[in-house]
Amino acid sequence: MKTTDVRVRRAVAAMAAGRPVVLTEDTERDCDGLLVFAADRATPKLLAFTIRHTSGYVRVALPPAECERLNLPPMCHSGDGKFGATAHRVSVDYRGSGTGISATDRARTIAALASADSAAADFLRPGHVVPAQAGVGGVLGHRGPNEAAIDLARLAGRRPAAALCEIVSRDRPTAMARRGELVEFAVAHRLPIVSIGELVAYRRRIEPQVVRLAETMLPMRGGDSRVISFQNVHDDGEHLAVIIGAVGPGVPVPLHVHVECLTGDVFGSTACRCGEELESALTTMRAHGSGVIVYLRSAGAVRGCRLGESDAVTADLTSDTVAWILRDLGVYTIRLSDDAPGFGLVMFGAIREYGLRIAG
């Protein structure tokens, strides 16, 4: 099992048990860290620990639907009338919880925000706990701490609500703890530590990133081919798998990964080799009687070489999509095409993380 997966699973187990987790934005950069725990497991003792070691500005990350259900409006409106995906909402106290500022009072408020039985009328406004709206899709939709906190709670089988607050430096009480000190803090208190990037990678590996839309036999030059369309789960990107001959587990299947290029594929532009590589892959696979071409299309804007920023391809997202398409097809052993050796090397390192084998 990958080390990063172990860290994520330890964090999830801690959340399930009602223990806090140290969450960092990145494992490589010297960044701030937060203390995070499942909101429905909030206790006075846990709040006292949080307040002691953090800034004390405790927030509760909630999905948009919960913010709407509990009538939690944003603290302020942006100039264009739009709200940020992680905008802070008006602070609240749970009715009947005293002054609202003590660890006991705040624990009751946090637990109430997480409860499915709570209603908007159960809270006084303003108060001492700040709800924070997270974006849709968790860290795969927006890589922020609110989304990561909710993802950890959800993966732990808890309600989709999590408390979080920045950890203060022990040596520099006027500053926030940074990477090295965060590790020391986690070790000293026997807490799991995990980064948002690790959580992103974990979710991409364990959760299907595409869904099958349609399948047909498509007449093509050189013979009919089976074509299956797929859609990304977290955006509107649609992709095609062109299957030549019989494919399945146990036999190495030639694979060519092709990223959409309108200028090369359709208009035959000589500014790139995209169209030439695609045609060459089709010809080679027909000659050998088997193969899979995964044709990747970007969500939204049309992509084509020499069309500005649309040239960019995100390698990690590409490998996620290709790996899940191959899993859906039942292909677990592949042979990479020689037509795009540079891209093939990128795919080699990324695809095998998904349990796929590269022959040769």
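# A guided tour of the predicted model

Begin by selecting helix α1 (residues 3-16) together with helix α5 (residues 145-155), which pack at an angle of about 75° with their axes 8 Å apart. The two helices, α1 and α5, are therefore roughly perpendicular to each other, since angles of 65 to 115 degrees are counted in that class. To see where they touch, show the side chains of Ala 11, Val 12 and Met 15 on α1, and those of Ala 149, Leu 152, Ala 153 and Leu 155 on α5. When the residues of this contact between α1 and α5 are sorted by class, seven are nonpolar, while none is polar and none is charged. Please keep in mind throughout the tour that this is a predicted model.

**The other partner of α5**

Keep α5 selected and add helix α7 (residues 196-206), whose axis comes within 10 Å of the axis of α5 and crosses it at roughly 50°. α5 and α7 are therefore oblique to each other, and their crossing is left-handed. On the α5 side, select Pro 145, Ala 148, Asp 151, Leu 152, Arg 154 and Leu 155, which meet Ile 196, Leu 199, Tyr 202, Arg 203 and Ile 206 of α7. This contact of α5 with α7 is made up of eight nonpolar residues and three charged ones, with no polar residue.

**Helices α2 and α4**

Next, select α2 (44-53) and then helix α4 (residues 103-114), and look at how their axes come within 8 Å and cross at roughly 110°. That angle makes α2 roughly perpendicular to α4, and α2 passes α4 in a right-handed crossing. The residues to display are Pro 44, Leu 47, Ala 48 and Ile 51 in α2, which meet Ala 103, Thr 104, Arg 106, Ala 107 and Ile 110 in α4. In the contact of α2 with α4, the residues divide into seven nonpolar, one polar and one charged.

Stay on helix α2 and pick out Thr 50, which lies in it. Is Thr 50 buried or exposed? Thr 50 is buried, because its relative accessible area is 1%, and the cut-off for buried is under 20%. If you set aside the neighbours within four places in sequence, you will find Thr 50 in contact with Leu 35, Phe 37, Val 58 and Cys 165.

**The two sides of α6**

Now move to helix α6 (residues 179-188) and colour its buried residues, which are Glu 181, Leu 182, Phe 185 and Ala 186. These residues lie on the same side of α6, because they cover an arc of only 140° around the axis. If you turn to the face that points away from this buried side, you meet the exposed residues Val 187 and Ala 188. What do the buried residues of α6 pack against? They pack against β1 (21-24), β2 (33-38), α2 and β7 (193-195), and you can add each of these to the view.

**Backbone features**

Step just past the end of α6 to Arg 190, which is in the loop between α6 and β7. Arg 190 has a positive phi of about 55° although it is not a glycine, and Arg 190 is exposed, with a relative accessible area of 75%. For another such residue, select Asn 71, which also has a positive phi of about 55° without being a glycine. Asn 71 sits in the loop between α3 (64-69) and β4 (92-94), and it counts as partly exposed at 47% relative accessibility.

Then go to strand β5 (residues 123-133), where you will find Pro 126. The peptide bond leading from Arg 125 to Pro 126 is cis, with omega near -5°.

**A buried strand residue**

For the last selection, choose Val 294 in strand β12 (residues 291-296), which counts as buried at 0% relative accessibility. Leaving out residues up to four places away in sequence, Val 294 touches Leu 240, Leu 255, His 256, Val 257, His 258, Val 322 and Ile 325. You can also draw a C-alpha to C-alpha line from Val 294 to Thr 321, two residues that are 27 residues apart in sequence and 9.4 Å apart in space.

**The whole chain**

Finally, zoom out to the protein chain, which has eleven helices and 14 strands. Of its 360 residues, 48% count as buried. Among the contacts with a separation of 6 or more, 69% are between residues 24 or more positions apart.

Definitions and conventions:
Residues are numbered from 1 along each chain as its sequence is written. This is a predicted model: local features need pLDDT of at least 70, side-chain atom pairs count only at pLDDT 80 or more; totals for chains, interfaces and linings use all residues. Side-chain values use heavy atoms; hydrogens and water are left out. Buried means under 20% relative accessible area, exposed over 50%, partly exposed in between (1.4 Å probe, protein chains only). Helices (H or I, at least four residues) and strands (E, at least two) are DSSP runs, numbered from the N terminus. The arc is that of the directions from the helix axis to the C-beta atoms. Contact means heavy atoms within 4.5 Å. Axes are lines fitted to C-alpha atoms, for helices over the stretch in contact, and angles run from 0 to 180 degrees between N-to-C directions. Angles under 35 degrees count as roughly parallel, over 145 as roughly antiparallel, 65 to 115 as roughly perpendicular and the rest as oblique. Ala, Val, Leu, Ile, Met, Phe, Trp, Tyr, Cys and Pro count as nonpolar, Asp, Glu, Lys and Arg as charged, and the others, Gly among them, as polar. A crossing is left-handed if the near helix is turned anticlockwise from the far one by less than a right angle, and right-handed if clockwise.
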